[in-house]
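New to this one? Here is a quick briefing to read with the structure open beside you.

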Amino acid sequence: MVEPTLMQLYRSHQGKVSDKWDIYLAEYDRLFTPFRNSPIRLLEIGIQNGGSLEIWASYFLAARSIIGCDINPECRHLVYADPRISVVVGDANTDAAHAAILSHGGDLDIVIDDGSHTSSDIVKSFVRYFAHLKPGGLFLAEDLHCSYWAGFEGGLFDPASSMAFFKRLADVINHEHWGVRAERADVLASFAREYDIGFDEEILAQVHSVEFINSLCVVRKADAPRNVLGVRHIVGGEALVVAELNTLTPYVPDESNNRWSQVVPLPEDELPRLRTELSHLQARHAELESALHAERQSLATERQSLESARARVGLLDAEVSRVTTLVRAMENTLSWRITQPLRSARGKMAWARRFGRVLATRLGSGDAVVATGKAVFSVARERGIEGVLEALARAGQQRAPGTSNGVPGDYARWMAAYDTIDDTMRQRLRSEISSMPTHPLISVVMPTYNARIDWLREAIESVRSQIYPHWELCIADDASSDVEVRRLLARYAKDDPRIKVEFRKENGHISAASNSAVDLVRGQWIALMDHDDLLPEHALFWMADAIHRFPDARLFYSDEDKIGASNQRCEPYFKPDWNLDLFYSQNFFCHLGVYDASLVRDVGGFRVGFEGAQDHDLVLRCIEKLEPSQIQHVPRILYHWRAHPQSTAQASEAKPYALEAGRRAISEHLARKGVEATVTADLSGYHVSYALPAARPLVSLVIPTRNAAGLVQQCIDSIVEKTLYREYEIILIDNGSDDPAAVDYFKSLDARPGIRVLRDDGEFNYSALNNRAVEEARGQLIGLINNDIEVIAPEWLGEMVGLALQPGVGAVGAKLLYPDGRLQHGGVVLGLGGVAGHAMKYFSRGHTGYFNRSNLIQSYSAVTAACLLVQKRHYQAVGGLNERDLKVAFNDVDFCLRLREVGLRNVWTPHALLYHHESATRGQDIAPEKQQRFASEVHYMHRRWAAELVRDPAYNPNLTLMAEDFSLAFPPRVESWNSPAQ
């Protein structure tokens with residue numbers, strides 16, 4: 001009968017667990033075949049679950065004893081039917097375990113070391129057990145690849161690693177050829193000192209061979225006389241090439257003066273010196289740890305002060321709420337209602353005058369009338385007449401220069417402090433350029449047509465003034481009828497060889513002209529620039545810096561601002577890092593965009609027919625070939641976009657055809673990706689509405705409460721009466737209600753179809769309550785809903801379901817309003833107030849937010865659990881809400897960050913619109929026990945998510961963490977001018 005191979009035994013093994021590498025099993029068959037039918041004794045050090053001992057017993061049928069040794073005390077519970085198998089529990093390198101092993105029959109034939117894999121353990125095991133091998137026996141050290149790792153006391157060039165030790169045994173084998181008077185143990189002296197062990201010269205003389213098979217080392221033992229070279233055997237009678245071959249014994253020259261034959265491979269004083277240095281470093285480390293501890297204590301004190309301040313703010317919130325209540329009471333009086341028509345008429349007259357001025361400015365053509373009318377109707381349906389009037393007024397007004405978020409002078413002050421460079425800084429940047437490993441050529445592509453001469457000249461000069469000198473300017477003139485434009489371009493092309501101009505024969509519009517400019521490009525990178533805009537002098541430097549910092553990236557974009565009518569900078573747009581959902585809503589990539597030139601060519605350049613949104617369409621086609629990590633954001637103002645009545649920098653309705661082109665570009669992109677969706681446009685941007693599947697999934701809406709029957713009834717009635725998406729169930733979690741009216745109402749709910757009530761009388765733990773309900777939920781999707789939510793938009797749930805079902809989407813959040821119409825939740829920004837806060841909080845209902853972001857679908861790092869939708873499988877995959885560390889606060893933020901950690905993105909939509917009733921007047925937790933709980937939750941968030949709280953990719957380090965209004969940060973949290981990335 002053919003005996004099974006070791007690989008076959010492993011594959012058919014049904015007993016205790018074991019694991020071995022492929023190459024080990026194959027080599028073991030070769031090495032162990034001579035032992036297979038002999039009465040051997042085998043020792044394996046490190047047996048884990050003990051399955052290998054069963055396999056050895058099946059392989060070596062004639063073996064006398066199979067001994068396993070493991071340091072894990074649980075191994076004492078291993079039981080075997082085969083009496084030849086025994087287990088010793090303990091460290092094989094201790095005398096006690098050593099004696100126990102040898103008590104099972106004495107000397108060994110095979111020793112397999114599959115133990116801890118640390119260098120010290122392996123070397124010590126060899127010294128201890130090689131001595132007990134019979135002649136012809138094998139010592140096998142597995143997994144020596146661990147010796148390359150610091151965690152296992154090694155490294156590639158570590159002279160004391162286990163791999164280095166077995167390599168040195170090759171010198172031991174060749175002792176007779178050294179040519180110096182030394183013992184075998186002398187070449188192992190550094191290991192003896194390092195591991196405090198001794199080497200027996202007679203035992204070392206019995207090392208017969210050392211064989212490496214990948215990370216397996218096999219050392220064979222033989223009697224010392226078998227390990228010398230012996231006598232040379234000379235046979236044959238013809239010696240035509242070499243005259244004499246009469247030396248019968250090995251010749252060894254005297255190498256005592258050879259400096260490379262010194263017997264100590266590492267100077268004896270080296271290890272003590274290194275140990276002394278290590279001791280000093282450890283002492284320094286202890287000092288730094290002590291200083292860090294002191295700083296942390298100081299920080300804790302500051303945090304306590306902050307919490308006290310928050311408590312005081314809570315009291316002020318309560319006072320504001322009281323005053324608000326008084327105002328509302330006054331508004332409900334008879335006298336206030338009687339005078340309402342007078343106030344309303346005066347307000348409407350003012351709006352009418354502004355409305356007329358805006359329309360007169362905006363509607364210059366029939367196409368504009370149609371496009372603006374459609375947009376106005378869309379906004380009116382979404383946000384009412386107040387939203388229409390605010391959007392039109394905002395479109396028609398020109399902000400005062402230096403205005404940021406409506407605060408005049410903020411941006412001017414910010415620029416003076418953080419966005420102004422001097423000669424010293426210019427010299428620093430030039431020094432950084434000289435030390436760059438490469439100097440990528442950046443080709444600035446500029447299409448032009450009948451540009452204003454002064455603006456065109458300023459645009460070109462802004463490129464020529466770049467601190468980074470490795471650029472070219474590729475201009476395509478689209479058959480301008482203005483002869484002065486052509487003369488200016490020709491003069492620049494003649495005077496500066498870096499400027500290349502293509503004069504097109506006929507006008508083809510911006511896409512065709514841009515492609516003509518791209519045809520001139522020689523650089524590896526393309527930067528797009530309009531003919532009337534400006535680049536700051538450091539723009540291309542920071543792009544080159546980013547190209548070096550992110551070598552795998554293929555698209556880069558920066559922040560931008562505008563040049564107002566008086567030639568002053570205004571309206572900075574500090575953008576988020578790459579945000580796919582926001583990009584579907586608006587082309588925030590825009591300026592300054594830098595593209596891998598080969599990628600632009602690969603996707604076919606600019607498409608004719610998408611004029612006005614040609615760059616939006618280009619980026620959409622580019623990202624289809626990229627991973628998100630290949631799109632990088634440079635958080636600096638590197639582009640100045642000139643705002644004038646014919647520019648989309650002024651307002652999107654200046655070019656109504658651009659909105660339609662962008663809508664088509666997004667629609668076609670989604671179709672290419674196989675995503676079924678409808679794309680619409682309004683004055684704020686684009687709305688991607690994802691199609692729902694034919695078999696609509698069930699949504700489990702989870703609502704925790706304690707008492708509050710009125711709120712719960714308002715919440716559930718609004719869901720039942722207004723929600724268009726009907727495939728849902730409601731799970732109400734009653735957390736110990738004791739109000740008789742509430743208890744009776746909840747009983748009545750439990751009797752209604754599609755509603756279940758779960759009772760939980762434990763302490764209030766928001767996370768635990770929701771987790772329990774999710775376990776009971778039947779739906780494919782989970783909706784976490786506060787009891788004080790009231791539906792406004794009937795399509796809210798369908799909108800959220802469509803988003804939640806998209807690949808790569810984790811949680812979906814809704815737009816929540818206070819009862820007075822102000823924004824309560826527009827997404828969650830990390831770092832606000834120390835941990836997290838709500839974006840654009842308190843903005844009016846008609847306010848479009850920071851660059852329209854309160855009206856656009858976008859990704860955020862987190863969304864509030866007051867109204868959150870997520871697939872149940874995602875909820876469970878990350879462990880649900882953290883009911884141990886975050887019982888009340890920040891559990892939704894932590895949950896969303898864990899979703900993001902596993903590769904999902906969290907999305908917020910303004911088209912799921914609901915009221916959030918109680919939060920506006922809730923105040924802060926100021927009771928001592930609640931403050932303590934809140935402080936521990938803050939501490940947990942800082943410990944678990946420290947890096948994320950400092951740099952939220954959905955926000956911008958140039959925006960403040962002190963308020964929710966996207967105002968400027970003083971100072972910004974970007975690397976200083978003095979430290980560009982290397």
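What follows is a short tour, topic by topic. Keep in mind that this is a predicted model. We start with an open sheet of seven strands, move on to a nonpolar surface patch that includes Phe157, and end with some backbone spots, such as the cis peptide bond from His591 to Leu592.

**The sheet**

- The seven strands of this open sheet line up in the order E3-E2-E1-E4-E5-E7-E6, and their pairing is mixed.
- At the edges you'll find strand E3 (85-89) and strand E6 (207-213); each has a single partner strand, so one side of each is left without a neighbour in the sheet.
- On average, neighbouring strands here are turned by 15° against each other, direction ignored.
- As background, strands of a sheet pair through backbone hydrogen bonds, and they do that either parallel or antiparallel.
- For a parallel case, look at strand E4 (residues 108-113) and E5, which are joined by five bridges.
- If you want a residue pair to click on, try Ile110, whose bridge partner in E5 is Leu138.
- Helix H6 packs on the sheet, where H6 touches E5, E6 and strand E7 (216-221). The direction of H6 makes about 140° with that of E6.

**The nonpolar patch**

- Tyr148, Trp149, Leu156 and Phe157 together make a nonpolar surface patch of about 520 Å².
- Phe157 sits in the loop that runs between strand E5 (133-141) and helix H6 (162-173), so this loop ties back to the sheet topic: H6 is the helix that packs on the sheet, touching E5 among others.
- Is Phe157 buried or exposed? Phe157 counts as exposed, because its relative accessible area is 76% and the cut-off for exposed is over 50%.

**Cis peptide bonds**

- One cis peptide bond goes from His591 to Leu592, with omega near -10°. Leu592 lies in the loop between helix H18 (580-585) and strand E16 (593-596).
- Another cis bond links Phe970 to Pro971, with omega near 5°. To find Pro971, go to the segment after helix H29 (946-950).

**Positive phi values**

- His509, a residue other than glycine, has a positive phi, near 75°. His509 is part of helix H16 (residues 509-518).
- Glu571 also has a positive phi without being glycine, this time near 45°. You'll find Glu571 in strand E15 (residues 569-573).
- Glu571 is buried, because its relative accessible area of 18% falls under the 20% cut-off.

How values were computed. Residues are numbered from 1 along each chain as its sequence is written. This is a predicted model: local features need pLDDT of at least 70, side-chain atom pairs count only at pLDDT 80 or more; totals for chains, interfaces and linings use all residues. Side-chain values use heavy atoms; hydrogens and water are left out. Patches are made of residues with over 30% relative accessible area and no salt bridge: like charges are joined within 9 Å, nonpolar side chains (Val, Leu, Ile, Met, Phe, Trp, Tyr) within 5 Å. Accessible areas come from the Shrake-Rupley method with a 1.4 Å probe; for residues, only the protein chains shown count as cover. A salt bridge is a side-chain nitrogen of Lys or Arg within 4 Å of a carboxyl oxygen of Asp or Glu. Helices (H or I, at least four residues) and strands (E, at least two) are DSSP runs, numbered from the N terminus. Buried means under 20% relative accessible area, exposed over 50%, partly exposed in between (1.4 Å probe, protein chains only). Two strands pair if DSSP finds at least two bridges between them. Axes are lines fitted to C-alpha atoms, for helices over the stretch in contact, and angles run from 0 to 180 degrees between N-to-C directions. Contact means heavy atoms within 4.5 Å.
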